[in-house]
Amino acid sequence: MKRLTYPLLIAFAAGVLTLAIARDKTSTPDSHELGAAMVDTGGSAAGDFGPPQGEPIQAILTSPPNVPPPTGRHAPAKVIVNLEVREVEKEISEGVKYTFWTFGGTVPGSFIRIRQGDTVEFHLNNHPDSKMPHNIDLHAVTGPGGGAASSFTAPGHSSQFTFKALNAGLFVYHCATAPVGMHVANGMYGLILVEPPQGLPKVDREYYVMQGDFYTVGKYREKGLQAFDMQKAIEENATYVLFNGSEGSLLGDNALKANVGDKIRLFVGNGGPNLASSFHVIGEIFDKVWFEGGSKYQENVQTTMVPPGGSAIVEFHSEVPGTSVIVDHALFRAFNKGALGMMKFTGPDNLAVYSGKEIDSVYLGDKAVSSAPVAAAASAAASGSLTLDQQVKAGGALFNGTCSTCHQANGAGLPNVFPPLAKSDFLAADKQRAIGIVVNGRTGPITVNGADFNSVMPPMSQLNDDEIAHILTFVLNSWGNPGGKVSAEEVAKVRASTTPPPGAAH
Amino acid sequence: MKSLLATAMLMLSGAVAAATPLPATSVLQLSSRFTDQDGKSFVLSDRRGHVQVVSMFYSSCKFVCPLLIDSGLGLDKALTAAERAKLRVLLISLDPARDTTAALNALATKRKLDRTRWTLARTDKDGVRKTAALLDVRYRQLADGEFNHTSGLILLDSEGRILTRTEKLGATPDPAFLAAVRKALKASK
Amino acid sequence: MRRLLLTLLLVPTVAQAGGGVRDAGYVRIPAGEYKSALRYEDGDGRTKVAAFSLMKRPVTNAEFLAFVRAYPEWRRDRAPSVFAEPGHYLSHWRSPVDLGPANLPLQPVTQVSWFAATAYCEAQGARLPTWAEWEYVAAADETRRDARSDPAWRERILGWYSKPANVAMSPVGKGPSNVYGVQDMHGLVWEWAEDYAAMMVSGDNREQKADDRLKFCGAGAIAMDDRENYAVLMRVAMLSSLEADDSTSSLGFRCAR
């Protein structure tokens with residue numbers, strides 16, 4: 001009997017195995033599993049939780065980069081929002097002023113935080129000093145124009161309309177008055193967060209970052225009050241691409257702060273008007289990205305796309321101290337148009353995770369950390385009191401990261417490759433020629449301190465006249481060079497009287 | 001002496017009404033002259049003392065303007081006889097060039113309007129502009145003589161102050177507007 | 001009695017000032033036709049303008065003050081609120097009949113409602129210009145009747161929009177005269193038009209083609225034909241946001257005949 005059952009068992013097992021394999025090849029995914037992955041929130045049809053309960057609440061509005069606290073509510077409420085429109089002149093970059101049109105006095109405008117199902121009584125107040133009428137389109141509103149048709153407000157007046165937030169998500173709001181592109185390009189956008197009914201998971205820090213592109217008549221970093229350039233806006237040729245409306249908004253003392261070990265959430269928006277953002281934080285990976293500001297998240301993301309008029313919520317956890325740089329990964333925008341911010345993490349080292357040095361000394365060359373002497377020089381120049389010492393200090397700050405990359409921080413250059421600037425006979429012989437080289441570049445053979453060089457120096461077209469003047473003054477007064485000074489006027493003269501090589505930007 | 005005068009004035013109740021100035025927000029302060037469908041001339045302040053439903057139209061308008069009259073008639077129907085007796089309806093033409101007194105008269109007859117309470121009126125171009133400005137009616141004359149205009153019924157209290165307005169037109173009155181009309185009629189004498 | 005004397009004294013002054021300014025202040029504009037930046041659904045796209053006269057410069061504080069003194073029913077403390085919004089109308093003057101040091105006599109008068117501006121022009125035997133007349137004259141620069149396609153013209157105008165409104169306003173007449181001899185059509189103040197109410201632009205700029213027949217009894221709202229002409233676009237948006245009793249700190253006017 002035993003001898004029979006054993007082969008039977010094997011045959012049975014083999015049979016089952018065969019059947020199992022065959023079944024694997026032809027079976028479809030379990031429909032229950034599919035259903036679990038595709039469950040939706042029900043959208044606006046399921047977003048009405050009934051009439052508001054309790055006393056009306058005055059919404060807490062915050063200026064960027066801060067975010068109001070979680071609502072902590074469990075039932076729909078009536079929320080009153082008072083948002084003021086003001087046209088204000090502010091700095092867009094050091095020494096560069098621009099007349100922004102703002103919601104709440106800032107670019108981006110105040111952050112609004114409510115819960116799905118809330119009824120919002122929205123008051124838009126246009127300051128009497130405004131030149132223009134304005135309105136608001138909130139992407140969170142289900143209704144004509146997102147509220148724009150009901151909120152058209154002349155200066156010195158106020159409009160009111162009421163809406164119920166039927167969809168959860170992170171939504172952009174912006175002015176929709178003709179010409180819309182110009183109103184948005186002048187900074188009229190912000191974010192409104194409609195929390196899902198159960199709220200967002202708890203984190204240690206939340207911040208508000210919104211990208212925008214700006215178009216000025218003058219060049220990048222050209223000083224003074226700049227006007228909006230409509231032609232550049234139509235051509236989508238941005239002068240500045242910035243986080244939170246100005247170049248220094250997230251740099252230096254304004255850098256976002258967190259502790260090692262914090263769980264951090266960024267509410268990221270893009271006001272446009274034209275350019276999409278490839279949002280990336282150098283040295284961090286987003287553990288979760290609620291892509292497009294919606295209800296589902298992706299995990300382990302390096303760079304996420306934020307279209308103009310769109311948003312994303314990113315979360316990450318900090319493990320090591322240091323500085324992370326926030327960029328639009330369309331790199332020329334980050335390094336040549338200002339799409340750069342910083343986040344500083346303080347806390348103990350975690351050498352197992354990262355053992356290297358601070359990131360910012362490699363990437364930025366102290367561009368942000370030592371911007372103070374450049375600012376001091378700019379304001380001194382504006383008031384006509386610029387001293388040699390101020391120029392040298394500003395020039396030193398600018399030299400690092402730009403010129404030092406090739407000529408080295410000590411001016412020694414690289415033998416047979418890059419000529420030295422330290423105690424350079426070539427430099428001392430002709431100041432005008434030196435200016436011309438920085439402005440227009442130089443190719444071909446030269447002899448410096450008895451050594452031959454035959455290399456290519458590109459024209460420094462990203463530097464303006466003041467910056468070149470400061471840098472050359474610094475170089476002339478360093479490393480045994482003969483001293484002296486170079487003024488912005490001298491640089492301008494050289495620029496005007498010489499021709500840049502073909503292909504040079506201008 | 002002064003007090004005697006005051007008392008005398010008080011006794012003439014009609015004179016008192018005429019003597020007190022119109023409230024600052026009253027549209028009846030407009031000084032333009034109008035002519036009604038019977039050729040009678042008036043100024044808006046002559047109509048003080050009655051709750052009014054006002055609108056602007058033109059008689060050759062094919063689309064909305066007939067609806068305006070329908071809306072007024074619908075309101076009439078929804079009111080009790082006592083309420084109706086107190087209500088006045090004033091329709092002012094945007095097109096005085098073509099809406100002559102005769103044309104307005106013909107329209108009133110055609111639609112069988114109760115002339116004791118309904119007035120179809122015309123004024124000059126200047127008056128049209130100012131009336132529209134006061135009532136916040138937007139309009140533009142087209143090349144073919146037709147008009148683009150915002151439309152709606154505006155409710156005035158007996159002192160000529162704008163209480164509310166509705167853009168919902170049709171034989172069945174907008175319930176919110178009807179309620180407001182009733183409330184205003186109740187408050188008036 | 002004193003008030004009567006005062007009025008008698010003022011009348012010749014006003015008449016003289018009015019007379020002097022009235023005749024010297026207008027410029028003859030010849031008839032013509034042009035393509036409006038607005039798209040009207042009726043018509044062939046060309047807007048005709050009959051010959052008319054336009055004030056060379058916007059009405060000044062001094063001129064409007066003389067008017068208010070002659071017609072005290074237009075004082076800010078007496079004008080009915082339905083004609084001029086209290087709290088805004090002439091709110092920048094020190095008193096109802098006194099400019100005060102903060103306002104120069106030759107600055108353009110602002111914070112005036114459409115009714116007040118109309119009354120001023122009527123007192124002059126004039127009227128407000130229509131939008132078409134205004135746009136026609138505003139298209140010119142110093143040498144050309146129609147400079148609107150010149151990017152430099154547009155940039156100059158947009159430059160004004162970028163300046164915040166809380167800086168002191170320039171007096172009238174400082175800018176160059178355009179080819180007709182009219183000054184300050186741009187760069188100084190928004191200006192009322194007689195038919196501001198015809199600017200039926202929807203508050204929402206994106207609704208350019210929305211056909212709301214019941215709302216506008218006929219075709220839809222006015223659309224912009226020349227979307228690159230932001231200078232005109234913003235004027236239209238401004239006018240269509242206003243009601244007749246409104247006034248703002250950047251809005252003035254001039255008269256036409």
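User: Which cysteine does the disulfide join to C:Cys121?

Analyst: Keep in mind that this is a predicted model. Over all chains, the structure holds one disulfide. Its sulfurs sit 2.1 Å apart, S to S, and the partner of C:Cys121 is C:Cys255.

User: How many residues apart in sequence are the parts that this pair ties together?

Analyst: C:Cys121 lies in helix 3 (residues 114-123) of chain C. C:Cys255 is in the segment after strand 8 (251-252) of chain C, so the parts tied together are apart in sequence by 134 residues.

User: Is the disulfide of C:Cys121 and C:Cys255 left-handed or right-handed?

Analyst: Look at the torsion about the S-S bond, which is about -85°. With that torsion, the disulfide is left-handed.

User: Are C:Cys121 and C:Cys255 buried or exposed?

Analyst: The cut-off for buried is under 20% relative accessible area. Both C:Cys121 and C:Cys255 are classed as buried.

User: What about A:Cys403, buried or exposed?

Analyst: Chain A has cysteines to look at too, and A:Cys175 is at 0% relative accessibility, which counts as buried. A:Cys403 comes in at 15%. Since buried means under 20%, A:Cys403 counts as buried.

User: Back to helix 3 of chain C: how many of its ten residues are buried?

Analyst: The buried residues include C:Trp114, C:Phe115 and C:Tyr120, along with C:Cys121 from the disulfide. Helix 3 of chain C is largely enclosed by the rest of the structure, because the buried count among its ten residues is eight.

User: Which helices do those buried residues pack against?

Analyst: There's a partner in chain C and another in chain B. The buried residues of helix 3 of chain C pack against helix 2 (61-70) of chain C together with helix 6 (125-135) of chain B.

User: Which residue with a positive phi follows helix 3 of chain C?

Analyst: The phi in question is near 70°. The residue that follows helix 3 of chain C with that phi is C:Gly125.

User: Which residue of chain C forms a salt bridge with B:Lys130?

Analyst: B:Lys130 lies in helix 6 of chain B and its partner in helix 3 of chain C, so the pair joins two chains. The closest N and O atoms are 2.6 Å apart, and the partner is C:Glu122.

User: And is B:Lys130 buried or exposed?

Analyst: Its partner, C:Glu122, counts as partly exposed at 36% relative accessibility. B:Lys130 has a relative accessible area of 13%. With the cut-off for buried at under 20%, B:Lys130 is buried.

User: What is the N to O distance in the salt bridge of C:Lys48 and C:Glu33?

Analyst: C:Lys48 lies in strand 4 (residues 46-49) and C:Glu33 in strand 2 (residues 32-35) of chain C, so this pair ties together parts 15 residues apart in sequence. C:Lys48 is exposed, at 61% relative accessible area, while C:Glu33 is partly exposed at 37%. Their side chains meet with an N to O distance of 3.7 Å.

User: Which residues of chain A are linked in a network of salt bridges?

Analyst: Over all chains, the structure holds 39 salt bridges. The network in chain A links A:Arg113, A:Glu195, A:Glu206, A:Arg265 and A:Glu315.

User: How many salt bridges are there between chain A and chain C?

Analyst: Contact is there: 34 residues of chain A touch 33 residues of chain C. Across that interface there are five residue pairs in polar contact. The salt bridge count between chain A and chain C, though, is zero.

User: Which three residues supply 25% of the area that chain A buries against chain C?

Analyst: The area buried between chain A and chain C is about 2,900 Å², and carbon and sulfur atoms give 63% of it. On the side of chain A, no other three residues supply more than A:Lys131, A:Phe152 and A:Met230.

User: Which helix of chain A gives the most to the side that touches chain C?

Analyst: By class, that side has 19 nonpolar, nine polar and six charged residues. Strand 2 (78-93), strand 3 (96-103), helix 3 (180-185) and helix 4 (230-234) of chain A each supply at least two residues. With three residues, the one that gives the most is helix 4.

Terms used
Residues numbered from 1 in each chain as written. Chains lettered and ligands numbered in written order. Predicted model: local features only at pLDDT ≥ 70, side-chain atom pairs only at ≥ 80, totals over all residues. Heavy atoms only, no water. Disulfide = S-S within 2.5 Å. Helix = DSSP H or I, 4+ residues; strand = E, 2+ residues; numbered from the N terminus. Buried < 20%, exposed > 50% of the residue type's maximum accessible area, 1.4 Å probe, protein only. Contact = heavy atoms within 4.5 Å. Buried area = accessible area lost by both parts, 1.4 Å probe. Salt bridge = Lys/Arg side-chain N within 4 Å of Asp/Glu carboxyl O. Polar contact = N/O pair within 3.5 Å; in protein donor to acceptor, adjacent residues only side chain to side chain. Nonpolar A, V, L, I, M, F, W, Y, C, P; charged D, E, K, R; others polar.
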